[in-house]
Amino acid sequence: MSGQVDALYIYLLLVAGVMTTLIFLAVTVLAIKYRRKPGVQAHQIEGSTILEIGWSVIPFGVMLTFFIWGAVLYFRERTPPADATEVYVVAKQWMWKIEHMEGQREINELHMPVGQNVKLIMTSQDVIHSFFVPAFRIKQDVLPGRYTTMWFKATKPGHYHLFCAEYCGTNHSGMGGDIVVMDPQEYAQWAAAGASASTLQDTGKQLFSSLGCASCHRSDVQGRGPNLAGIFHKPVLLEDGRTVNADDDYLRESILNPTAKIVSGFKPVMPTFQGLVDEEQLNALVAYVKSLSAPTPPGTAALENAPAAPQSTNTKVQ
Ligand code: CUA
């Protein structure tokens with residue numbers, strides 16, 4: 001995006017430069033031409049409607065080009081391509097924690113192969129931070145309590161500075177790092193060396209079982225909670241008649257504040273997991289639930305590997 005952002009910026013500077021020159025030239029020339037001269041009486045000049053409409057409408061048109069160009073770029077920057085690799089970012093005072101879907105974790109560094117579309121799903125563990133990579137011309141606030149997203153595609157290998165761009169306390173200025181863009185082979189080596197025992201979604205799957213989620217969110221229709229297979233990015237009908245999109249933020253909210261949006265046909269029996277799971281565990285859980293919506297070959301239920309739900313009908317909740 002950086003070339004496109006620069007082009008808009010240069011266009012803004014050019015228009016501002018031309019307008020400034022025109023105005024100052026006009027001021028100077030008119031001040032000299034119509035200066036007070038001895039023996040010449042000043043006389044009133046009547047307005048010109050055409051002139052006044054002209055100098056209102058033409059600049060308005062020029063300003064609209066900023067708006068239209070800016071809006072087009074903004075939507076391009078805000079819309080990650082469908083094939084983007086997702087990476088979770090957790091900000092905390094004063095570091096950036098990066099979690100790859102394959103399980104690699106990094107601090108203050110984000111390794112990526114060149115030419116790869118990357119979508120960052122970001123949240124904060126404490127205060128507001130801001131993820132800023134000047135070379136990519138991207139910046140996005142990172143907020144506690146919800147996800148914000150951003151995407152980029154690095155086109156040249158190299159190290160690119162990462163900054164925190166929102167004052168977040170004593171060591172704000174030190175809260176930086178590097179986006180490391182590598183050749184695909186180099187990246188493959190790096191990824192293999194850093195591969196951990198379990199991917200993010202596997203970590204989520206273990207949590208899903210150890211926290212007891214699987215006992216209610218069963219793969220059949222018998223569970224006390226909705227079946228989560230295939231819900232990601234699908235509309236969900238709520239008990240109060242509203243329909244919401246099951247996006248990252250919805251999944252997150254449903255874990256931390258389950259009664260905020262009750263799915264139609266279910267009772268508000270799920271306890272909150274606020275304080276029981278940290279941001280990284282939340283990301284893992286969300287990644288797991290999302291993975292249940294990945295296309296699976298027909299006949300294989302996505303949840304079939306989930307631990308068997310207890311058959312008892314006791315109503316104990318976690
Ligand atoms: Cu984090 Cu400033």
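The following questions and answers concern the sheets, cores, helix packing and cysteines of a predicted model.

Residues are numbered from 1 along each chain as its sequence is written. The model is predicted, so local features need pLDDT of at least 70 and side-chain atom pairs count only at pLDDT 80 or more, while totals for chains, interfaces and linings use all residues; side-chain values use heavy atoms, with hydrogens and water left out.

User: In what order do the strands of the open sheet that contains β1 and β5 stand?
Analyst: Strands are DSSP runs of E with at least two residues, helices are runs of H or I with at least four, and both are numbered from the N terminus. Two strands pair if DSSP finds at least two bridges between them. Five strands form this open sheet with mixed pairing, and the order is β3-β2-β1-β5-β8.

User: Why is one side of β3 and of β8 left without a neighbour in the sheet?
Analyst: Strands β3 (105-107) and β8 (148-153) stand at the edges of the sheet. One side of each is left without a neighbour because each has a single partner strand.

User: By what angle are neighbouring strands of the sheet β3-β2-β1-β5-β8 turned against each other on average?
Analyst: Axes are lines fitted to C-alpha atoms, for helices over the stretch in contact, and angles run from 0 to 180 degrees between N-to-C directions. For this average, direction is ignored, and the value is 25°.

User: Which residue of β8 is the bridge partner of Leu120?
Analyst: Strand β1 (residues 85-92) pairs with β5 (residues 117-124) in the parallel sense over seven bridges, and Val87 stands opposite Leu120 in β5. Strands β5 and β8 run antiparallel and are joined by six bridges. The partner of Leu120 in β8 is Met150.

User: How many residues of β5 are buried?
Analyst: Buried means under 20% relative accessible area, exposed over 50%, and partly exposed in between, with a 1.4 Å probe and protein chains only. Asn117, Lys119, Ile121 and Thr123 point one way from β5, and Val118, Leu120, Met122 and Ser124 point the other way; all are buried. The strand is mostly covered, and its buried residues number eight of eight.

User: Which helix gives the most residues to the largest nonpolar core?
Analyst: A nonpolar core is a set of buried Ala, Val, Leu, Ile, Met, Phe, Trp, Tyr and Cys residues joined through side-chain atoms within 4.5 Å. The largest has 32 residues, and Tyr88 and Val277 have the most contacts inside it. Helices α4 (200-210), α5 (213-216), α6 (248-256) and α7 each supply at least two of its residues. With seven residues, the leading contributor is α7.

User: At what angle to β1 does helix α7 run?
Analyst: Helix α7 (residues 279-291) lies across β1, β2 (95-100), β3 and β5, where contact means heavy atoms within 4.5 Å. Among the residues touched by Tyr88 are Asn283, Val286, Ala287 and Lys290. The angle of α7 to β1 is about 160°.

User: Are α4 and α7 roughly parallel or roughly perpendicular to each other?
Analyst: The axes of α4 and α7 come within 7 Å and cross at roughly 100°. Angles under 35 degrees count as roughly parallel, over 145 as roughly antiparallel, 65 to 115 as roughly perpendicular and the rest as oblique. The two helices are therefore roughly perpendicular.

User: Is Met95 buried or partly exposed?
Analyst: Met95 lies in strand β2, and its contacts include Val90, Ile107 and Met175. Met95 and Gly174 are 79 residues apart in sequence, yet their C-alpha atoms are 8.4 Å apart in space. With a relative accessibility of 24%, Met95 counts as partly exposed.

User: Which residue of β10 is the bridge partner of His159?
Analyst: Another open sheet of five strands has the order β4-β10-β9-β6-β7 with mixed pairing. Strands β9 (residues 158-164) and β10 (residues 176-182) run antiparallel and are joined by six bridges. In β10, His159 has as its partner Val180.

User: How many disulfides does the count give?
Analyst: A disulfide is taken as a pair of cysteine sulfur atoms within 2.5 Å. Cys164 is buried at a relative accessible area of 8%, and Cys168 also counts as buried, at 5%. By the sulfur distance rule, the number of disulfides is zero.

Technical notes: Lists of a residue's contacts leave out its neighbours within four places in sequence.
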